[in-house]
Amino acid sequence: MKKILFMASEAVPFIKTGGLADVVGSLPKCFDKEQYDVRVMIPKYLCIKEQFRNKMTFVDQFYMDYLGQSRYVGILQYIYEGITFYFIDNESYFWGSKPYGDWYYDLEKFSFFCQAGLSALPVIGWKPDVIHCHDWQTGLVPVYLKGRFGAGEFFSKMKSIMTIHNLKFQGVWDINTIKRFSGLSDDYFTSDKLEAYNNGNMLKGGLVYADVITTVSDTYAEEIKTQFYGEGLDGLMRARSASLHGIVNGIDYDDFSPEKDRHIPYPYSAENFREEKLKNKLALQEELGLPKDSKKFLIGIVSRLTDQKGFDLIQCVMDEICSDDVQLVVLGTGDEKYEGMFRHYDWKYHDRVSAQIYYSEPLSHKIYAGCDAFLMPSLFEPCGLSQLMALRYGTVPIVRETGGLKDTVWAYNEYEGTGTGFSFMNYNAHEMLDTIRYAKTVYYEKRSEWDKIVERAMKVDFSWTASAKKYEALYDSLIG
């Protein structure tokens, strides 16, 4: 039995701020249970819902020297859907109403988490063959495995994988601070190790020392070797390109299933979507106070409202979008300028725009089920999960060709009768607007073609099964 430990800062269903949690919580369920014992370790945040915290069982505790003090480390366990989750407890670090907040403090608490998590393994008495680390919060783990932990017999043969979910976030501060939090000596803070542009960089440490690096789509793996997408680490990504693999994310097909979804009023399938999906559309229009019209082209957006997601493009042409024969539904929070923009257009075009500036899981499912198209014009997108959910629900994605969007949405070709969505290449507002108008024209004037796009979209398989097989092959290559 091959033993794999996922270490991360979040995992569904316990704590979630983004797609990282979906990956860490969903992927372990999809490995071959006969061959792989995959477990997960995250911090025990006080903001984890009480219903979960109350069911955790105490495993053990110990004290660890950290920043010159003896610190408590509690280990708790929860078996959820057949997967063992370990929680590292220290209330002085993992308190608060959300998992992240103050950058400086986050650097300290995740440095503590990396050391405490590794120190907990001999206490638990479970020895993984591979530690699969996710994002900068666990970037120090591969460094420790090749350094002071690796010197001990328990850790000597352990391998590490570092997965980049978003290269933009790296865990950067001045060298002295990172040195103090990590407990690493001066030797580690050189340009070929943890130093980058005169700062300490925790993610860079993980990328230098990990045995294998993965990221969440093939295209993003290529993009991050370039200056535009490389966030200052493109040289390192090129140097490690032989160890860099792109494996596209999946989604949990049990959680996101139009046939079984308890959040939507009318379940449907690829066979009966023509009638049943329309009922969800009318219900959504009614719930959001839009005029009920089954024929109106309804575009959905479920997103963080940030520059990365392409909202500056939408801002450029919002009046043109609204003056067309469409309705637009937006769900999400983010930058104040975009929240304000959507509120303004909701007021200005109240019969066409519905801005829901908050987040709701049930409403997100209703938008995936009720809309005709889903707009996602990202500046960069390592993988993206929203377009996978939209495909699953037959809500045709309109995307920019970048990262995982390029790998998962195949542009409609009217001559060959192929494709599962619409896409544009350049980061340009009018190119995006032209693509939206092209999709709208197909919807209004070639309805049978539109329905075929929907059918193809619903039949594409982006469950975790295929991705899990690729991860298994990587684990096998490391374990030997």
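User: Happy to dig in! Which residue lies over the face of Tyr144, and at what distance from the ring centre?

Analyst: Glad to help, and please keep in mind that this is a predicted model. A charge counts as sitting over a ring if CZ of Arg is within 6 Å of the ring centre and within 35 degrees of the ring normal. The residue placed this way over the face of Tyr144 is Arg148, and its distance from the ring centre is 4.8 Å.

User: And which residue lies over the face of Tyr253?

Analyst: Here too an arginine lies over the ring face, at 3.9 Å from the centre of Tyr253. That residue is Arg392.

User: Let's turn to the aromatic pairs. Is the pair of Phe31 and Tyr475 stacked, edge-to-face or tilted?

Analyst: The search of the whole structure gives 46 aromatic pairs, and the rings of Phe31 and Tyr475 have centres 5.7 Å apart. Planes under 30 degrees apart would count as stacked and over 60 as edge-to-face. The planes of Phe31 and Tyr475 stand at 45°, so this pair is tilted.

User: How many residues apart in sequence are the parts that this pair ties together?

Analyst: Phe31 sits in the loop between helix 1 and strand 2, while Tyr475 belongs to helix 17 (residues 464-479). Phe31 is buried at 4% relative accessible area, and Tyr475 is buried at 0%. The pair therefore links parts whose separation in sequence is 444 residues.

User: Is Tyr444 buried, partly exposed or exposed?

Analyst: Tyr444 forms an edge-to-face pair with Tyr443, at 5.3 Å centre to centre and 70° between the planes. Tyr443 is buried, with 1% relative accessible area. For Tyr444 the relative accessibility is 32%, so Tyr444 counts as partly exposed.

User: Now Lys16: which residue's side chain joins it in a polar contact of 3.0 Å?

Analyst: Lys16 lies in the loop between strand 1 (2-7) and helix 1 (19-26). Leaving aside residues up to four places away in sequence, Lys16 touches Glu10, Ala21 and Asp22. The side chain in the 3.0 Å polar contact with Lys16 belongs to Asp22.

User: Last one, on the open sheet: which are its edge strands?

Analyst: Nine strands form this sheet with mixed pairing, in the order 3-4-5-2-1-6-7-11-12. An edge strand pairs on one side only. That description fits strand 3 (57-66) and strand 12 (244-246).

How values were computed
Residues numbered from 1 in each chain as written. Predicted model: local features only at pLDDT ≥ 70, side-chain atom pairs only at ≥ 80, totals over all residues. Heavy atoms only, no water. Helix = DSSP H or I, 4+ residues; strand = E, 2+ residues; numbered from the N terminus. Contact = heavy atoms within 4.5 Å. Polar contact = N/O pair within 3.5 Å; in protein donor to acceptor, adjacent residues only side chain to side chain. Pairing = 2+ DSSP bridges. Phe/Tyr/Trp six-rings, centres within 6.5 Å; stacked < 30°, edge-to-face > 60°. Buried < 20%, exposed > 50% of the residue type's maximum accessible area, 1.4 Å probe, protein only.
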